[in-house]
Amino acid sequence: MKMIKDLDPPGPLAVVSRGYGRKRRGVIEVKEGSDYRQVGDEPLMIKKNFPHTPVIVSKNRHRGARAAVSAGARAVLLDDGFQSWELKRDMDIVLIDSRDPFGGGKILPFGRLREPVEALKRADAVIITRCNCDEDTGVEETRKKVRSYTGAEIFTSYDKITGFREVFGTGEAGPDFIRGKNVLSFSAVGGNERFRDMIKSLGGRIIEKIEKIDHYKWKRGDIKQIEKIASAGSLVAVTTEKDAVKLAGFKPFNCYWARLETVIEEQKRWKEKINEVFS
C-alpha cells in the first residue's frame, strides 16, 4: 500500500495482480463491490484502498498490462511479478522477509524459493521487510548476504498498526483503542503470529486466537465460532484488513480490522529510487 502512495507517475497508475485463489478465470477489472472469491482477496483490498486506481487480475501479466493500458494507465505496478518473463519491466523491486530471508535456501518443492538466490542480481531495489519483529531480526546479516548477490540499492521497512475500523460499520479508533483489552485474534495471512505480536505491542491481551493458512476462505461455521467465543468471553474480535474483505457476506457481528502501514526507513532515498523510472 505504501509503495502505491509513494509513486508519482506521469499519468494514471494501474495495479496488475494474478488474483491468487480466485474462481473466475480470465482478465478482470476489480471493482469496490467485487466478490473476493472471483478476483482474489489482495486485489480487492488494494481496490478498496485506492478506488480510483484500476486494479486488474490476470494470470497472464502481459494481457493484464494491456488491459491496464486500455483502462487509461500510463504506469503499471505488477504485484508479485519478478518471474513474469512475458513483460519487460522498467524496475524490479524484491521484498525479503527479515524473519525468513531465503526460504530455507532451496527451490520449490524442497524449499520456498521460486528460483535461486542468485536471481537477486536482476533486482533494481531490495526491501528487507518486517525489521521490527523483535530485537534480533538479523537485518545486518541479511543485508550483507543480499549485497553478495546484487548491486541493487537495499532498503529496510517495518510495519505498524495505525488504527482500527469496524468490519460491519463505520466506526474508527486509534491504535490505543486496543490497550488493556482482552482480544480474540483471528487471521488467515502469511504472518499470523506476527499479527498477534503487533496487537500485543499495542497493549492488547490475546486471550483466544483462531488462525488459518494464507488466503483461507472463511466459512459460516468459523464465523459462528468466532462470534460465540468473543461474546462468551467479552473479547474484542480483531482481524486483518485482508481478512476483513472476505467477511462481507456474513451476518454482521462486533469485530474490528487493524489498519496496517508499512514504513520505508530510508524514505527520501526510497522515493527518489522508485520515481527514477518516471524521470
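Entry 1. Terms and model.

I take a residue to be buried when its relative accessible area is under 20%, exposed when it is over 50%, and partly exposed in between. I note that the model is predicted. With that rule I looked up Arg130, whose relative accessible area is 22%, so I record Arg130 as partly exposed. I located Arg130 in the loop between E6 and helix H5 (139-149).

Entry 2. Backbone angles.

I recalled that most residues other than glycine have a negative phi, and that most peptide bonds are trans. I then read phi of Arg130 and found a positive value near 55° in a residue other than glycine. I found a positive phi at His215 also, about 70°, although His215 is not a glycine. His215 belongs to the loop between E10 and H7. I asked whether His215 is buried or exposed. With a relative accessible area of 16%, His215 is buried.

I next looked for the peptide bond between Leu108 and Pro109 and found it to be cis, with omega about 5°. I placed Pro109 in the loop between strand E5 (93-97) and strand E6 (125-129).

Entry 3. Aromatic pairs.

I noted that a pair of aromatic rings is described by the distance of the centres and the angle of the planes. How many aromatic pairs does the structure hold? I recorded six. For Phe155 and Trp270 I read ring centres 5.3 Å apart and planes at 75°, so I entered the pair as edge-to-face. This pair links distant parts of the chain: Phe155 lies in strand E7 (residues 153-166) and Trp270 in helix H9 (residues 267-274), 115 residues apart. I found both Phe155 and Trp270 buried.

I then turned to Phe164 and Phe177, whose ring centres are 5.7 Å apart with planes at 55°, so this pair is tilted. Distant parts of the chain are linked here as well, with Phe164 in strand E7 and Phe177 in the loop between strand E8 (172-173) and strand E9 (182-187), 13 residues apart. Phe164 and Phe177 are both buried. I noted that Phe164, Phe177 and Tyr256 form one aromatic cluster.

Entry 4. Charges over rings.

I looked up where the charged end of Arg122 sits, and found it over the ring of Phe82, 4.2 Å from the ring centre. I recorded the charged end of Lys145 over the ring of Phe102, 4.6 Å from the centre of that ring.

Entry 5. Strands and sheets.

I examined E9 and found it mostly covered, with five of its six residues buried. E9 and strand E10 (residues 205-211) run parallel and are joined by six bridges. Within this pairing I found Ser187 opposite Glu211 in E10.

I also traced an open sheet of four strands in the order E2-E3-E1-E4, with mixed pairing. Which strands are at the edges? I recorded strand E2 (28-29) and strand E4 (75-78), each of which pairs on one side only. E2 pairs with strand E3 (residues 55-57) in the antiparallel sense over two bridges. There I found Ile28 opposite Val57 in E3.

Entry 6. Gly233.

I located Gly233 in the loop between helix H7 (220-232) and strand E11 (236-240). Its relative accessibility is 35%, so Gly233 counts as partly exposed. I checked Gly233 against Val183, 50 residues apart along the chain, and read 9.2 Å between their C-alpha atoms.

Entry 7. Cavity and pocket.

I recalled that rolling a probe the size of a water molecule over the atoms shows where empty space is left. I counted one cavity of 30 Å³ or more. The largest cavity has a volume of about 50 Å³. Among the residues that line it I noted Tyr20, Arg22, Tyr36, Asp41 and His215. By class, I entered two nonpolar, three polar and four charged residues for this lining.

For the second largest pocket I recorded a volume of about 560 Å³. I found 28 residues in its lining, of which Lys48, Ala244, Val245, Lys246 and Ala248 lie nearest the centre. Elements that give two or more residues to this lining include helix H2 (36-39), helix H8 (241-244) and strand E12 (255-264). The largest share, four residues, comes from H3. I divided the lining of this pocket into 10 nonpolar, seven polar and 11 charged residues.

Key
Residues are numbered from 1 along each chain as its sequence is written. This is a predicted model: local features need pLDDT of at least 70, side-chain atom pairs count only at pLDDT 80 or more; totals for chains, interfaces and linings use all residues. Side-chain values use heavy atoms; hydrogens and water are left out. Rings of Phe, Tyr and Trp (its six-membered ring) pair if their centres lie within 6.5 Å; planes under 30 degrees apart count as stacked, over 60 as edge-to-face and the rest as tilted. Buried means under 20% relative accessible area, exposed over 50%, partly exposed in between (1.4 Å probe, protein chains only). A charge sits over a ring if NZ of Lys or CZ of Arg is within 6 Å of the ring centre and within 35 degrees of the ring normal. On a 1 Å grid over the protein atoms alone, a cavity is a set of points where a 1.4 Å probe fits but cannot get out, and a pocket is an open set with protein on both sides within 12 Å along at least five of seven lines; lining residues have an atom within 4 Å of a point. Grid points are joined across faces, edges and corners, and a volume is the space filled by probe spheres set on the points. Ala, Val, Leu, Ile, Met, Phe, Trp, Tyr, Cys and Pro count as nonpolar, Asp, Glu, Lys and Arg as charged, and the others, Gly among them, as polar. Two strands pair if DSSP finds at least two bridges between them.
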